[in-house]
Structures are given as C-alpha cells and as structure tokens.
Amino acid sequence: MLIREATAGDWPHIWPFWHRVVAAGETYAWDPDTSEEDARALWTNPAKRVYVAEDETGAVVGSAYVTPNYGGPAAGIANAGFMVDPDRAGRGTGRALAEHVLAAAKADGYRGMVFNAVVETNPAVRLWTSLGFTILGTVPDAFDHPRHGRVGLHIMHRAL
C-alpha cells in the first residue's frame with residue numbers, strides 16, 4: 001500500500017467514501033448532509049496536511065489529515081482525521097494511515113495528538129488504543145447514533 005500526500009486531483013476519489021461514511025452518521029460529528037463543497041473545505045483546507053492510501057491498483061482507498069488541534073503556545077498538539085472506504089475496511093488501511101500520520105506528525109514537530117470526538121461505539125477505538133492512545137474522558141450522551149441511540153464521545157490523546 002502506498003501512502004502519499006494528497007493532490008487536488010485526489011478529491012474526486014476521496015469524496016465518494018467520505019460522503020458514504022459521514023452520511024451514515026455513525027462515526028463523525030459532521031452533518032450527514034454535508035455538501036461536497038463543504039466536505040472538501042473541511043477535509044482539505046490549507047491548515048491540513050492530507051494523505052491518501054492507494055491499493056496495489058493505484059485506487060485511493062483511504063485518506064487522513066493532520067493539523068494543529070490548538071493555536072499559539074499549544075500548537076504543538078496535533079489533531080487528525082481518518083477515513084477508509086467502507087468496502088476496504090478490515091484490510092489494514094486505517095492502521096497503515098494511522099502509523100504514517102503519527103510518524104509524519106512527530107517529524108513535523110508535534111508533541112502529541114488529540115482526538116476531540118471519537119464516537120464510543122466506533123470500532124476504531126480499538127485501533128487507537130492499540131496504537132497507544134488513551135481515553136482522557138467521555139462526554140456522555142453527546143452523539144445521536146442512528147442504531148445505538150445516544151452514545152458518548154471520547155477525547156483521546158497520545159504523546160508523540
């Protein structure tokens with residue numbers, strides 16, 4: 001699997017799975033009806049370093065970004081977002097993207113990474129904890145999950 005920095009030409013390959021994941025309303029605290037224009041601005045704004053994962057055929061099967069979570073004196077703490085094409089789930093794409101982004105964030109001088117809103121029922125919680133993230137706290141009943149009802153949002157952290 002090749003992981004590389006995204007180019008403007010990658011967005012048409014990211015959008016179909018980005019839309020599918022967000023529209024499902026199970027893992028991201030973004031409006032399920034987000035337009036493509038707004039989604040592109042959220043995912044690829046200039047403050048973010050965006051990456052894509054390609055399979056052996058060159059198809060984009062996942063994407064991630066890293067960005068400062070805070071500004072000013074706290075700008076050394078990163079935030080990141082990850083999306084994998086649901087049809088490619090369970091094949092190691094998320095882990096490969098996570099390992100790449102963690103290494104890139106450290107190389108860029110970040111001291112740690114924080115996730116602000118990880119839906120507690122998201123299967124990726126297992127991935128994040130296996131990569132050394134800890135749950136700092138959980139905001140109870142913060143997320144209206146379409147299958148599980150109201151669930152919590154974890155705030156997770158890892159030093160880099």
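A salt bridge is defined here as a side-chain nitrogen of Lys or Arg within 4 Å of a carboxyl oxygen of Asp or Glu. The structure is a predicted model, in which local features need pLDDT of at least 70 and side-chain atom pairs count only at pLDDT 80 or more, while totals for chains, interfaces and linings use all residues. Residues are numbered from 1 along each chain as its sequence is written, and side-chain values use heavy atoms, with hydrogens and water left out.

**Exercise 1. Characterise the salt bridge between R88 and D55.**

Solution.
Step 1. The N to O distance between the side chains of R88 and D55 is 2.6 Å.
Step 2. R88 belongs to the loop between β4 and α3, and D55 to the loop between β2 and β3, so the pair links distant parts of the chain, 33 residues apart. Helices (H or I, at least four residues) and strands (E, at least two) are DSSP runs, numbered from the N terminus.
Step 3. Accessibility is classed as buried (under 20% relative accessible area), exposed (over 50%) or partly exposed (in between), with a 1.4 Å probe and protein chains only. R88 is partly exposed at 23%, whereas D55 is buried at 12%.

**Exercise 2. Place the R49–D108 and R4–D10 salt bridges in the structure.**

Solution.
Step 1. The search of the whole structure finds nine salt bridges.
Step 2. In the pair R49 and D108, the closest N and O atoms are 2.5 Å apart. Because R49 lies in strand β2 and D108 in the loop between α3 and β5, this pair ties together parts that are 59 residues apart in sequence. R49 is partly exposed, with a relative accessible area of 29%, and D108 is partly exposed at 39%.
Step 3. For R4 and D10, the closest N and O atoms are 2.8 Å apart. R4 is partly exposed at 23%, while D10 is buried at 5%.
Step 4. A network of salt bridges links R4, D10 and E54.

**Exercise 3. Determine the surroundings of K48, a buried residue without a salt bridge.**

Solution.
Step 1. K48 is located in the loop between α2 (36-44) and β2 (49-54).
Step 2. The nearest side chain of opposite charge, D38, is 12 Å away; Lys and Arg count as positive and Asp and Glu as negative, with His and the chain ends not counted.
Step 3. A polar atom of the K48 side chain lies 2.3 Å from the backbone oxygen of L42.
Step 4. Leaving aside neighbours within four places in sequence, K48 is in contact (heavy atoms within 4.5 Å) with L42, W43, Y65, V66 and T67.

**Exercise 4. Describe the largest nonpolar core and the setting of Y51.**

Solution.
Step 1. A nonpolar core is a set of buried Ala, Val, Leu, Ile, Met, Phe, Trp, Tyr and Cys residues joined through side-chain atoms within 4.5 Å. The largest has 25 residues, and those with the most contacts inside it include V66, V101 and F115.
Step 2. The largest share, six residues, comes from α3.
Step 3. Not counting residues up to four places away in sequence, V101 touches Y51, A64, Y65, V66, A80, F82 and M113.
Step 4. Y51 lies in strand β2 and is buried, with a relative accessible area of 2%. The C-alpha atoms of Y51 and R4 are separated by 5.4 Å, although the two residues are 47 residues apart along the chain.

Methods. Polar contact = N/O pair within 3.5 Å; in protein donor to acceptor, adjacent residues only side chain to side chain.
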